[in-house]
Amino acid sequence: MYVETLVEEPGPNLWYWAVFKEISEGFGWSHPSTQSQSYSVCDIASINDEPKNWLRTEYIYIKGATRLNIEVTYDLRNCPLANVMPFCRSNFTLYSYHTDHKLDYNPDPTKLKFQKETVIAPETPLAPAQRTTDTFHGSILTKAKGIYLALLDQGACLTIRKFVVRYRFCSETGAALVKFPRTVAPANNINSTNHEGECTDPHSLKRNNQKIFGVCLSNGEWNITNSSACLCSYGYELTNGSSDSFVCKECQKGFYKDSVGSEKCVPCPENSASNIDRNGCMCNEGYYRSSIVADCEVFVKVINITMVITSESCTDEKYDESSLLARVEEVMEEAFAGRFSGFKSVHLKSSIRCGSITFDLALIFNYKAKEQDVITVLRNASKDGKLGDFIVSTIKETRSQVDFETGNTETGTITPPGSVTGIITGAVRAGLEMAKPSQSQQYMALDVWNLSPAITDAERANCPQPAESVDEYTSLYSSPRCWEIPTELVSVEKVVGKGPFGQVAKATVIGLQGRPTKTLVAVKMLKGGATEFSSMRFLRLELINLDNYDDRLYVNVDDLTV
């Protein structure tokens, strides 16, 4: 409840109101003094006529109030038993005079028609000659822009110690983050009307984007529709501001809030930090997230190796795989120990194939591992005999091979007679949250027909890779593209344009750059009738043009099996 005071006496200045008498007998009201800040009257000795002593306020501008609340604190002494005059009273009366403007002359209640409002008397009856101090609380319905109030004494012995006039209003602050126009409280709730509110904080939103309505009640409080509210936006939490007001405060570093509401920001999961908008968390360097709800996991790079042991043999696909894996783990750990800190583990990928013993291995490294470093370590380990019974002579990558003895790179696989061979392929799996590579890195792999077929390990190592590949997702070229997005996060809505080789569709992406909401994107898709060569050249030109728009992210989803 909010109230504004229109009159409060005694105030900082000497209290002085007009007094009037209808009869000459008696003394009437005595004015306050510096020693006694109150009005007093005690004409109880009148014999012939009833006393009529008036005490009138100045003109009160009511500021649109519909109901005035009156507070009067007074001392009153009851009439004694002995020597009681015929007009002695133990009460007094409140009167009012409503007018739109201040009267030019001194309004005289004995001549103007003041309206009787109520009789003021102590709540508890007094014994003869008993004194009491009491406070009257009442209200007056207004009828004009202003009002004069008056007290009429008719034979009481009383002192007016305090006189206050107030009215109620509904403040601008109706609820947390909600602002309404300052509204005078109605005289009653029957005639209450709706008022539209607004959100007070620039980082708050209306619930469900609905208008906010409230009703100012007669008690000076807002009655707000249940569905109406302002809520803190993504990345902001509700907190106390200055002057006991509420504000939406940005989540602190390392915290986030991915919803619209009044809840608090929460800490980012382990191995992650809040993004710039504080509406989500991004995995730290060296970690990735397999989905928008998963925790951050360490990036790994998988290098697949096929090994053939010609010095041993097996039949009917029977061989002690556990024993073989244990031997391989031992020699790999020794080969990389002290030379390469990125090695994590080795896994047997498939069943052993008999004849000469052939098996596929997956070497697991952290994401910073470079294939060239792995090649160097294995080549040196082979020369130094660190691989034990496994003597690797060649490593074959996707488009080149490295001779372990000479270090030369040439086409084809070299297998010296009677030796044990191993083939390494540069299989690297794409991640979900990565920084966009430089322009030269983007186009080097796309232009596989015009540029050198070799892509350096250093360039590929710039893009961290997750442990698992994305199902039903075919890259447009074999090198990692850090800005690609899994198709399960893309929802294609409709085709908006077509060309001789491709078509463009309107789509949305979930979790783009850590955002919790959907982002509108354009999707470039190749048509089924396009040849591989012409389509790839056409798409390369398209990407070069689109790259001029730095503030956009274009997602390319191939609907063909290329």
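These are my notebook entries on disulfides, a helix pair, a strand residue and a sheet in this predicted model.

**Entry 1: disulfides**

I started with the cysteines. A disulfide is a covalent bond between the sulfur atoms of two cysteines. I took pairs of cysteine sulfur atoms within 2.5 Å, and the count came to 9 disulfides. I looked up three of them, including C79 with C88.

C79 and C88 are joined with an S to S distance of 1.7 Å. The torsion about their S-S bond is -100°, and the link is left-handed. Are these two cysteines buried or exposed? The cut-off for buried is under 20% relative accessible area. C79 has 14% relative accessibility, so I noted C79 as buried. C88 has 19%, so C88 counts as buried too.

Next I went to C170 and C216, which are joined at an S to S distance of 2.0 Å. This link is right-handed, with 90° about the S-S bond. Which strands hold the two cysteines? C170 lies in strand β11 (residues 157-170) and C216 in strand β17 (residues 212-216), so the disulfide ties together parts that are 46 residues apart in sequence. I also checked accessibility: C170 is buried at 0%, and C216 is buried at 3%.

My third pair was C283 and C296, with an S to S distance of 2.1 Å. The disulfide is left-handed, because the torsion about its S-S bond is about -90°. The link connects distant parts of the chain: C283 sits in strand β25 (residues 281-283), while C296 sits in the loop between β26 (287-288) and β27 (297-298), 13 residues apart. C283 counts as buried at 15% relative accessibility, and C296 counts as buried at 10%.

**Entry 2: a helix pair**

Then I turned to helices α1 and α2. Two packed helices are described by the angle between their axes and the distance between the axes. For α1 (residues 321-336) and α2 (residues 371-384) I wrote down an angle of about 105° and axes 9 Å apart. Angles of 65 to 115 degrees count as roughly perpendicular, so that is the label I gave α1 and α2.

Which residues make the contact? From α1 I listed M332, A335 and F336, and from α2 V374, V377, L378 and A381. I sorted the residues of this contact by type and got 7 nonpolar, no polar and no charged.

**Entry 3: the sheet that holds β17**

I came back to β17, the strand of C216. Strands of a sheet pair through backbone hydrogen bonds, either parallel or antiparallel. Here 5 strands form an open sheet in the order β12-β13-β15-β17-β18, with antiparallel pairing. Why is one side of β12 and of β18 left without a neighbour in the sheet? β12 (173-175) and β18 (222-224) stand at the edges and have a single partner strand each, so one side of each stays free of a neighbour in the sheet.

I looked more closely at one pairing. Strand β15 (residues 194-199) pairs with β17 in the antiparallel sense over 4 bridges. As one example, H195 has G214 in β17 as its bridge partner.

**Entry 4: T508**

Last, I looked up T508, which lies in strand β36 (residues 502-510). T508 counts as buried, with 11% relative accessibility. What does T508 touch, leaving aside residues up to four places away in sequence? I found L489, V490, S491 and E493, together with K518, T519, L520 and V521.

Conventions
Residues numbered from 1 in each chain as written. Predicted model: local features only at pLDDT ≥ 70, side-chain atom pairs only at ≥ 80, totals over all residues. Heavy atoms only, no water. Buried < 20%, exposed > 50% of the residue type's maximum accessible area, 1.4 Å probe, protein only. Axes fitted to C-alpha atoms, helices over the stretch in contact; angles between N-to-C directions. Parallel < 35°, antiparallel > 145°, perpendicular 65-115°, else oblique. Contact = heavy atoms within 4.5 Å. Nonpolar A, V, L, I, M, F, W, Y, C, P; charged D, E, K, R; others polar. Pairing = 2+ DSSP bridges.
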